Amino acid sequence: MSATFTDDLTPPQRAAAEHIHGPLLILAGPGSGKTRVVTRRIANMLAHGISQRQILAITFTNKAAGEMAERVQSLVPGTKVWISTFHRFCARLLRQYGEAVGLQSNFSILDTGDQKQGIRRVLSDLDFDPLHYSPDKVLWRISTAKNDLLTPERYQERFDSSVGDHWQAVVRRVYPAYQKWLLESNAVDFDDLLLHTANLLAENPELRETLGDRYRYILVDEYQDTNIAQYQIVAAMAQRHRNLCVTGDPDQSIYGWRGARIENILRFERDFPETKTIRLEQNFRSTQAILESADALIVNNTQRKHKSLLTDNTAGEPVQLLRFEDSQHEAEGISKQIRQLLAEDGLNWSDVAIFYRVNSLSRQLETTLMRQRIPFQVAAGVAFYDRVEIRDLLAYLRLIDNPADQAAFLRIVNKPLRGLGKTSQDRLVAWAGQQGVTLLEAAARADKISKLSKKAVLGFKAFAGMLERFSLASSGSVADLLTHVVDKTRYTAAWQGIENEQAYEHLANVDELVNAARQYDEIAGSEVSLQGFLEQTALVSDTDKIQDDAGRVTLMTLHAAKGLEFPAVFVIGVEDGLIPHERSKRDGNRKEVEEERRLLFVGMTRAKQRLFLTETRVRSLHGKTMPTIASPFLTELICEKVDCGTFGGDTLAAWSRVMQGVPFDEDSQEEPDDEPQIIESSSPPASAQPVAPALTTGAALLTGAGATAPRLPLGFAMGQQVRHPRYGRGTVIEIGGFGPRRTVTVAFADSDRKETFVVSKAPLQPVGN
DNA sequence: AATTGTGTAGTTTTT
DNA sequence: CTACACAATT
C-alpha cells in the first residue's frame, strides 16, 4: 500500500520518502524533485497509519505551502495536514498562548509602514534626531537582533560586554522603547512572531511538551533559509519525539542578509546526531548545458561542500550571453528573442521568465514589453496592501479588532479629515500616556484633556463614538463591516463624482478590498472573523500573486525566483555592481559575494531548456548613465557570447518600427526621423494580441481569483479614446511628428480644451480598445 | 490645518 | 530618475 506512493521514485528519493521515524536531512539540489519527495513522504506516512493531525509541515512562503497542500490532497484526497508558513504558524500559536509574553489574543500584526511610524515616535520620545538616525536603519538593526533571538535585555547585555559601534548605543535605547510601544499597542511585527514564539517555547517546558506531543512529525522546507529563531522553534518542538525532517540546499541560501544561517544545517546534524542524511543530486529540470554552466559558477564558492549536479536530460542549447548597448536595446532584444522562442521552439508566453537583481531594472523592461505588446506579469510593483486607501481601511478594521493599536489609531483618526491635526493628536497621545489608557479611550474622554480646543474635543469624541458603534456591528461578514465603515466614515466622499484618474483608482482600490473581504467571508464560512481576515492580509505577499499559467511572461527579482522553474529564463543586467551587488563587495566581504554567486546560481537553475544572460555596455541607475564593468561571474560560468549592440541593430530597429505610432525612445535616435515609417503588414502572431499585463492584486491572490488589467499605452490612432490623468477623457484629433517627437493632439471631453502632447513624454493612456 | 515645495537617499525583503 | 519625509507656506 505504501509502495504506491514511492514506486516511481529514484532510489534516493524513495529512501527519503520512506523514512518516517527519526531525524532526516534531505539535501536537495535544484530540480531534484524535492517537493515530490516531500509530498510522497507525507502520503506515505499517512498510509502507515500516522494521524494527519500529528503532522506539521512548515514552509517559508504561502505559495509553497499552498502547493504542497494541493499535492498532498491529490495524493490522499480528503486529508487535512497542517501545512503553514513559519509566520502563520507562530501567529496561531501566539493567539492561543501569547499571554505569557504580554500579548492579548487579538494582537495586531504590523506592516513595515506601521513599524516605521512606531520607531519614529520612539526616536522623538528619546530625543534622537530621525535625520541622523533613520528609522529604516534602526529598524534594520532591531530586526537583525530579533532574528538572532536577542531580546532587548539580551541586546543590552551583549552591548555591555562588547566594544560596539555607536549604532549599538542607539539601538540599545531604542529597541526596548520600541518593544514597549509594540506591547502597549498589543501588536507585533513580523520578527516578533518568531521571537515571541521562540521565547515562549524556551521558557515553558510544558508548552514544549504539549506541542511536541501534538506535532510528532515535523517537516521544514527550505531549511537553509531558517534563522536562529526559527531553528529554536523547530528544535524545541521536535526535541521529544525527534521526528524532524528538513529539506534544503546550501547552494540556494540567498537570505543570509535576513538572518538566515546555513550553519543551521551543520547544527542540525550536531543536535540530532542520529540524523539520516540523504542527497538528491539528480536534476530532472535543466539541460546539461544549463547545469554545466551553473555548476561551473557555483564551484567557485569556497565555503562549500562539493556537490555534483547530474542529469540524464539532453545536452540542450548553450547558455547565451546577450550583449547590448543599453537597457533599451536590452529590452528590445529580449522581446525579439522571446518572439523567436515562441515561433521556433513552440513555447508560450508563460514559459518565459525574466529575472533581475534589483526591482528598479524592471521599469524600463515593462515599458518596452508593453510597447512590444508582450503580455507580462510582474511579481512586485506597488503591492496592493501598501496602497494608502487599503492601509487606511485596514487600520479601521484593526482598530475595531484591537482598540489598543496605536499605529492604526494615529493613521486614521484624521482620515478623512476631521480637523484633528498634529497638535491635537500630540496632546491626546501625551494625555493617554499619563493616564495609561489607550488612545481610543482617551478620545472617548477627550473632554477631560485640558488643553484641547473645543472643536478637537468634539472631533475625538465623535471619532471614538463611531468606532464604538463599529465594534458593535462587527460580527459576521467582514465585507459588510467594511462597507459599513466606508459608508459611515464617508471615506470615499472626496473621490465620488470626480472625473480623474487618481480618484478612479482610489475608488477601484476600495472596491477591491471589499471584494477581498467578501471572498474571505465565503472561504472562511462559519469560521469567519475580523481577526482572520486581518491576519490573512498581513501575511500575504507580492510573490504569492504570480500565476503559473497566466499566458504571460513573468518578471521578478532573482530572490523571488527561488522554487520556481521556467522553460526559458533571462537573467538581465549580469554586470559588476549589480550581480554581485555593489553593497555585497564592500570591505572585501567574501561571504556576501558568495551569496551573490548563489543568487545567480538560483536564477540560472530555474531554466529548463533555454537560458539567456544579458549585459549592457552602459547602464542608467539613479538617473546616471555609466559604462558597465562585466560581472566577474561571467568569466566563471560557461556561456556563448552574442553581441547584439546597436551596430547589429537592424532587426532591433525594425522591431521598434513595427507598431505604427509607437514612439521611439530618445536613446534610439540614430533612426533618422524623416525616414518613412515602415508599417509591417504582417501583424504579430495571433498569440501576440495585446493582452494587458495583469498587475494581479493582493485582493485577487487571497482567493486566486482573476486579475484586473490596466490599460496599455498602445499606439495612438485618429479617433482613439484616451485618458489623461489631469484632463480626463478625450479623443485623438491629430497626429504629427515622427520618432521621438511623435505628437498627438487630444480634444478633451470635459473641458473643451485641446492639448498637444509628445507621445513619449505624456502620461496618456488609451481607453476602450 | 492642509497644500505646496525642497531635499535626500536609493539591494535583495519568503513574512 | 523617483519616492518619500519634512519644511515652508497661505
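## A ring cluster to start with

Trp82, Phe89 and Tyr215 are linked into a cluster by ring pairs. Keep in mind while looking around that this is a predicted model. Across the structure there are 16 aromatic pairs, and a couple of them are worth a closer look below.

Rings also show up next to charge here. Arginine 95 sits over the face of phenylalanine 107, with 4.0 Å to the ring centre.

## The chain as a whole

Chain A has 769 residues, and 55% of them count as buried. Its secondary structure adds up to 29 helices and 22 strands.

How much of the contact map comes from residues 24 or more positions apart? Taking the contacts in chain A with a separation of 6 or more, such residues account for 74%.

## Two nonpolar cores

The largest nonpolar core contains 66 residues, and Val174, Leu193, Met237 and Leu244 have the most contacts inside it. Which helix gives the most to this core? That would be helix H12, residues 228–238, with 9 residues. The core also takes at least three residues from each of two domains: domain 1 (11–98 + 194–280) and domain 2 (108–185).

Zoom in on valine 174 and you can see who it packs against. Setting aside residues up to four places away in sequence, valine 174 touches Ile119, Val122, Leu123, Leu126, Phe128, Val138 and Ile142. Apart from the largest core lies another one, of 63 residues, with Leu297, Leu321, Leu341 and Ala568 among them.

## Two phenylalanine pairs

Back to the aromatic pairs, of which the structure holds 16. Take phenylalanine 409 and phenylalanine 463: their ring centres are 5.5 Å apart and their planes stand at 85°, so this pair is edge-to-face. Phenylalanine 409 belongs to helix H18 (residues 406–412) and phenylalanine 463 to helix H21 (residues 454–473), so the pair ties together parts that are 54 residues apart in sequence. Are these two rings buried or exposed? Phenylalanine 409 is buried, with a relative accessible area of 1%, and phenylalanine 463 is buried with a value of 1% as well. Those values count as buried because the cut-off is under 20% relative accessible area.

Phenylalanine 570 and phenylalanine 612 make a stacked pair, with 4.7 Å from centre to centre and 15° between the planes. This pair links distant parts of the chain, 42 residues apart: phenylalanine 570 is in strand S13 (residues 566–571) and phenylalanine 612 is in strand S14 (residues 607–616). Both phenylalanine 570 and phenylalanine 612 are buried.

## The annotated binding site

Where does UniProt place the feature "binding site"? An unreviewed UniProt entry puts it at Ala28, Gly29, Pro30, Gly31, Ser32, Gly33, Lys34 and Thr35.

Alanine 28 is part of strand S1, residues 24–28. Its relative accessibility is 4%, so alanine 28 counts as buried. Leave out the neighbours within four places in sequence, and alanine 28 is in contact with Lys34, Gly248, Asp249, Gln252 and Leu280. Lys34 is itself one of the annotated positions.

Further along, glycine 33 is in the loop between S1 and helix H3 (34–47). With neighbours within four places in sequence left out again, glycine 33 is in contact with Gln13 and Phe284.

Key:
Residues are numbered from 1 along each chain as its sequence is written. Chains are lettered from A and ligands numbered from 1 in the order in which they are written. This is a predicted model: local features need pLDDT of at least 70, side-chain atom pairs count only at pLDDT 80 or more; totals for chains, interfaces and linings use all residues. Side-chain values use heavy atoms; hydrogens and water are left out. A nonpolar core is a set of buried Ala, Val, Leu, Ile, Met, Phe, Trp, Tyr and Cys residues joined through side-chain atoms within 4.5 Å. Buried means under 20% relative accessible area, exposed over 50%, partly exposed in between (1.4 Å probe, protein chains only). Helices (H or I, at least four residues) and strands (E, at least two) are DSSP runs, numbered from the N terminus. Domain bounds come from an automatic or database domain assignment. Contact means heavy atoms within 4.5 Å. Rings of Phe, Tyr and Trp (its six-membered ring) pair if their centres lie within 6.5 Å; planes under 30 degrees apart count as stacked, over 60 as edge-to-face and the rest as tilted. A charge sits over a ring if NZ of Lys or CZ of Arg is within 6 Å of the ring centre and within 35 degrees of the ring normal. UniProt positions are given in the numbering used here, feature names are shortened, and annotations may be inferred rather than shown by experiment.
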